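The following report concerns the packing of helices and the surroundings of selected residues. The sequence and the model are shown first.

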Amino acid sequence: MRNHSAVTMFILLGLTNDPQLEIFFFIFLFISYMLSVIGNLTIISLILVDSHLKTAMYFFLQNFSFLEISFTTACVPPYLYAISSGDRTITIKACFSQIFFIVLFAATDFFLLAVMSYDRYVAICKPLYYVTIMDNRVCRNLILSCWVSALLIILPLLGLSLHLEFCDSVIDHFYCDASPLLKNSCSDTWPIEQLVIVCAVLTFIMTLVCIVLSYIYIVRTILRLPSVEQRKKAFSTCSSHMIVVSIMYGSFIFLYVKPSVKDEVAINKAVSVLAVSVAPLLNPFIYTLRNKQVKQSFHDILKRLAFLSQKY
């Protein structure tokens, strides 16, 4: 990696300078991180062991849970280590690596949300052809396309950013992110800023258009169903996905779609906590509490474990 600047290390300021508040943030982030990992691992495990959860919908949900674990792990544990050790420094290579994985997992998340909306469209609008359309090969190809699309988004940005020179070593954030990193550069960052905006907007717009179109057809189909019970059941299969979409798009649009990535980043910290910690924590509960099959699977597993514990 080439970098001609004298700065070789960055200092992450974190969320606060107050030692007492820092302890609070440590406890909050640690608990939310552990719960999000446990919750998402539970979903992954349930889908692996339960034969009733082998449809395309749960295959995508399993991959979504893996991405949520990966995304929050890229952000939260390094900051927890920095608080506990008192070492706020991070090398340029480590900083760029963190940005790479954060953007990769986040972008893949958005493309996967679009794929999940298409899956719901097929399930509700073309139920007789669902198994044929969403077979194993198609599902694997859709997942692969999500990762490839995310790589195509991040690689040009990373390639341009590697040649930046930095005049300041202080990053006003609790993890490496594009906004505070570019704020420290003494190079001309305007082309990169514009590319960040273009890539962010394209990712958001492309995926959001897919989601909106899918739900337009879904709503039209649901409203044509003859009974209220059928309409409620159809809406319930989409409600969890719609809630997660609202949380994800709301937080990330606020963070990345704005006139200049060199804007003041202090207000972004609170939204970043929502995006990297709270959202991955909420998602497992949203999907389990609003999904009868997942809840039933969870209860069945608990019964089996209870039976085994009594037996031995």
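## Helix packing and residue environments

Glutamine 293 belongs to helix α10, which spans residues 292–311. The model described here is predicted. With a relative accessibility of 43%, glutamine 293 is classed as partly exposed, because the partly exposed class lies between the limits of 20% and 50%. Its contacts, leaving aside residues up to four places away in sequence, are His52, Leu53 and Tyr58. One of these partners, leucine 53, is 240 residues away from glutamine 293 along the chain, yet the two C-alpha atoms are separated by 7.7 Å.

Methionine 134 offers a second local environment. This residue is located in the loop that links α4 (130–133) to α5. Is methionine 134 buried or exposed? Its relative accessibility is 5%, so methionine 134 counts as buried; the cut-off for this class is under 20%. Apart from residues up to four places away in sequence, methionine 134 touches Ala56, Phe60, Tyr118, Asp119, Val122, Cys139 and Leu142. Between methionine 134 and asparagine 268 the sequence separation is 134 residues, and the C-alpha to C-alpha distance is 39 Å.

The helix pairs are considered next. The table lists the packing geometry of three of them.

| Helix pair | Angle | Distance between axes |
|---|---|---|
| α2 (residues 56–85) and α5 (residues 136–161) | about 30° | 10 Å |
| α2 and α3 | about 160° | 9 Å |
| α3 and α7 (residues 190–223) | about 15° | 9 Å |

For α2 and α5, the angle of about 30° falls under the 35 degrees that bound the roughly parallel class, and the two helices are therefore roughly parallel to each other. The crossing of α2 past α5 is right-handed. On the α2 side the contact involves Ala56, Phe59, Phe60, Asn63, Phe66 and Leu67, which meet Cys139, Arg140, Leu142, Ile143 and Trp147 of α5. Sorted by class, the residues in the contact of α2 with α5 are nine nonpolar, one polar and one charged. Ala56 and Phe60 of α2, together with Cys139 and Leu142 of α5, take part in this contact, and these four residues are also among those touched by methionine 134.

The angle of about 160° between α2 and α3 is over the 145 degrees required for the roughly antiparallel class, so α2 and α3 are roughly antiparallel to each other. Their crossing is left-handed. The contact of α2 with α3 comprises 17 nonpolar, four polar and four charged residues.

How are α3 and α7 oriented to each other? Given their angle of about 15°, α3 and α7 are therefore roughly parallel to each other. α3 passes α7 in a left-handed crossing. Residues of α3 in the contact include Phe110, Leu113, Tyr118 and Tyr121, while those of α7 include Phe204, Met206, Ile211 and Tyr215. By class, the contact of α3 with α7 has 16 nonpolar residues, five polar and one charged.

The largest nonpolar core contains 91 residues, among which Phe10, Phe60, Leu112 and Leu113 touch the most other members. Helix α3 (residues 92–125) supplies the largest share of this core, at 20 residues. Leucine 113 touches Phe64, Ile211, His241, Val244, Val245, Met248 and Tyr249, again without counting residues up to four places away in sequence. Of these partners, Ile211 is one of the α7 residues in the contact with α3.

Key: Residues numbered from 1 in each chain as written. Predicted model: local features only at pLDDT ≥ 70, side-chain atom pairs only at ≥ 80, totals over all residues. Heavy atoms only, no water. Core = buried A, V, L, I, M, F, W, Y, C linked by side-chain atoms within 4.5 Å. Buried < 20%, exposed > 50% of the residue type's maximum accessible area, 1.4 Å probe, protein only. Helix = DSSP H or I, 4+ residues; strand = E, 2+ residues; numbered from the N terminus. Contact = heavy atoms within 4.5 Å. Axes fitted to C-alpha atoms, helices over the stretch in contact; angles between N-to-C directions. Parallel < 35°, antiparallel > 145°, perpendicular 65-115°, else oblique. Left-handed = near helix turned anticlockwise from the far one by under 90°. Nonpolar A, V, L, I, M, F, W, Y, C, P; charged D, E, K, R; others polar.
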